[in-house]
Amino acid sequence: MNLTEQQVIALAPDSSSAANGKKLMAHHNWCSSGRNEQVLWGECQGSGSKPYQTQVDLADYASNCSCPSRKFPCKHALGLLLLAATDQDSIQIATPPQWVSEWLLKRATNVARKEAKSLAKADEPVDEEAKLKRLQKRDARVSEGLQAFQLWMEDLIRNGLARLPNEGNAIWEQQAARLVDAQAPSLAARVRGLSDLVGASKEWPQTLLNELGQIALAIRAWDQMAQWPADVQSSIRQYLGFSVTEDDVLQAGLVQNDEWQIVAQVHEQESTLRIQRNWLLGKNTGRYALILQFAAGSQAFTNTFLPGNRFGAELVFWPGAVSQRALIKGEVRPLPAADSFSDRQTYDQLFDRMSEQLAVCPWLDRLPVVLQAVVPVLDDGRWWAIDTLGRALPVLGSQHWQWLALSGGLPLDIAGEWNSAGFLPVATYMDGRYLLLTESM
């Protein structure tokens with residue numbers, strides 16, 4: 001293990017769990033503890049007569065604890081991981097006790113059961129005729145809804161955008177509701193989000209026109225669907241809101257086996273829904289993959305992903321012209337921690353890659369990237385990432401003093417996300433240690 005305290009805190013479901021976990025990071029809080037290459041475990045004395053039994057699978061940092069907490073990971077799992085990060089030598093290498101071995105066996109059994117269920121479903125007969133009729137019926141509803149929205153957009157442009165700041169959200173909500181009725185939910189969410197652009201900056205008319213242009217392009221592509229290759233058709237359908245189930249992906253998706261590093265983890269909040277984007281980079285293929293997770297309210301994410309962690313696994317990718325989203329198939333093989341990113345790109349390489357991918361999928365929202373040797377510069381209230389040739393890219397966000405302090409003015413390789421607005425810095429390596437550039441809880 002080569003954990004940092006920052007990485008562990010990034011796993012906390014909230015700030016209170018992080019604070020309580022820090023209180024348990026000292027060795028004296030643990031009646032017993034142990035570790036091997038696969039698992040970390042310990043017993044922490046709580047308020048009851050029996051200590052709480054805590055274990056962490058080091059392959060994917062999933063945890064389990066006998067405490068009554070409904071938060072995952074709980075404060076005991078966080079405390080144990082913090083102990084491993086700050087005082088690993090105090091945890092002896094040992095043979096796991098029975099309660100740990102039983103948990104690991106149960107996890108492996110659940111993975112095998114899930115795969116068997118997926119294979120069994122793949123063998124089930126499918127009524128192709130009924131399936132085709134359902135698809136044709138939905139296509140007709142989507143076409144009708146898109147046609148109506150196209151007319152509305154044309155009226156909007158003819159009447160001008162100047163009146164929009166006074167219109168409020170109602171006009172966008174009304175159109176979004178109609179698109180939901182037309183069974184295009186993803187497009188409806190995009191239209192609902194357009195209301196946030198109106199008046200948000202001096203350049204809001206141009207930003208709004210760009211978004212409306214993307215939607216108009218998707219509607220035109222839908223009208224000419226028959227002429228596109230299957231992967232482009234998949235991208236268009238997903239942009240509008242046609243879902244692809246995980247079972248379908250497991251059965252027919254592209255499989256890529258590699259050693260994967262979680263180079264960046266990004267969190268977003270949409271109303272009561274929490275979104276986690278885990279960007280993985282394959283060591284041998286140089287391919288990026290997106291593991292996307294959602295959680296409502298205070299619910300925990302299904303899987304635990306430690307930023308900077310490395311593991312070997314088969315990933316199965318969603319269909320699409322630029323296939324980024326993936327899921328893990330089968331078991332995860334833990335790997336030694338890395339001391340740097342396995343790949344990085346110059347500005348020229350980033351723009352070449354962006355051009356290639358946007359040419360086949362113009363609706364691509366963001367790209368993961370590890371920028372090679374850049375430094376942060378604050379100029380007239382705006383942050384920039386400057387490469388060794390003096391070229392600048394705009395940096396999203398307003399507080400990047402941590403990055404500046406870590407770099408000391410020297411260039412670092414920085415992992416993050418790039419979109420049309422700029423670069424979002426997420427993490428870097430210093431002295432072989434993975435460090436987050438975002439604020440910890």
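A residue counts as buried when its relative accessible area is under 20%, and as exposed when that value is over 50%. The exercises below apply this and a few other cut-offs to a predicted model.

**Exercise 1. Decide whether cysteine 67 and cysteine 74 are buried or exposed, and find out how many disulfides the structure holds.**

Step 1: Cysteine 67 has a relative accessible area of 12%, which is under the limit of 20%, so cysteine 67 is buried. Cysteine 74, at 5% relative accessibility, also counts as buried.

Step 2: A disulfide is a covalent bond between the sulfur atoms of two cysteines. To be counted here, the two sulfur atoms must lie within 2.5 Å.

Step 3: The structure holds 0 disulfides. For cysteine 67, the nearest cysteine sulfur belongs to cysteine 65 and is 3.6 Å away, and cysteine 67 is in no disulfide. For cysteine 74, the nearest cysteine sulfur is that of cysteine 67, at 3.8 Å, and cysteine 74 is likewise in no disulfide.

**Exercise 2. Work out how helix H7 is oriented towards H6 and towards H9.**

Step 1: Helix H6 (residues 170–181) packs with helix H7 (residues 185–194) at an angle of about 180 degrees, and their axes are 8 Å apart. Angles over 145 degrees count as roughly antiparallel, and H6 and H7 are therefore roughly antiparallel to each other.

Step 2: In this contact, residues of H6 including Trp172, Leu179 and Val180 meet residues of H7, among them Leu187, Val191 and Leu194. By class, the contact of H6 with H7 has 9 nonpolar, 1 polar and 2 charged residues.

Step 3: The axes of H7 and helix H9 (residues 230–240) cross at roughly 55 degrees and come within 4 Å. H7 and H9 are therefore oblique to each other.

Step 4: On the H7 side of this second contact stand Pro185, Ser186, Leu187 and Arg190, which meet Gln238, Tyr239 and Leu240 in H9. These residues divide into 4 nonpolar, 2 polar and 1 charged.

**Exercise 3. Describe the surroundings of strand E8 and its pairing with E5 and E9.**

Step 1: Of the 8 residues of strand E8 (residues 310–317), 7 are buried, so strand E8 is largely enclosed by the rest of the structure.

Step 2: Strand E5 (residues 254–270) runs antiparallel to E8 and is joined to E8 by 8 bridges. Asparagine 257, for example, has glutamate 314 in E8 as its bridge partner.

Step 3: E8 also pairs with strand E9 (residues 326–334) in the antiparallel sense, over 6 bridges. Here valine 316 stands opposite leucine 327 in E9.

**Exercise 4. Find what is unusual in the backbone at proline 73, serine 271 and alanine 373.**

Step 1: Most residues other than glycine have a negative phi, and most peptide bonds are trans.

Step 2: Phenylalanine 72 and proline 73 are joined by a cis peptide bond, with omega at about -10 degrees. Proline 73 lies in the loop between E4 and helix H3 (75–86).

Step 3: Serine 271, although not a glycine, has a positive phi of about 60 degrees. Serine 271 belongs to the loop between E5 and strand E6 (273–282), and with a relative accessible area of 68% serine 271 is exposed.

Step 4: Alanine 373 has a positive phi of about 50 degrees, and alanine 373 is not a glycine either. Alanine 373 lies in strand E10 (residues 367–379), and alanine 373 is buried, with a relative accessible area of 18%.

Terms used:
Residues numbered from 1 in each chain as written. Predicted model: local features only at pLDDT ≥ 70, side-chain atom pairs only at ≥ 80, totals over all residues. Heavy atoms only, no water. Axes fitted to C-alpha atoms, helices over the stretch in contact; angles between N-to-C directions. Helix = DSSP H or I, 4+ residues; strand = E, 2+ residues; numbered from the N terminus. Parallel < 35°, antiparallel > 145°, perpendicular 65-115°, else oblique. Contact = heavy atoms within 4.5 Å. Nonpolar A, V, L, I, M, F, W, Y, C, P; charged D, E, K, R; others polar. Buried < 20%, exposed > 50% of the residue type's maximum accessible area, 1.4 Å probe, protein only. Pairing = 2+ DSSP bridges.
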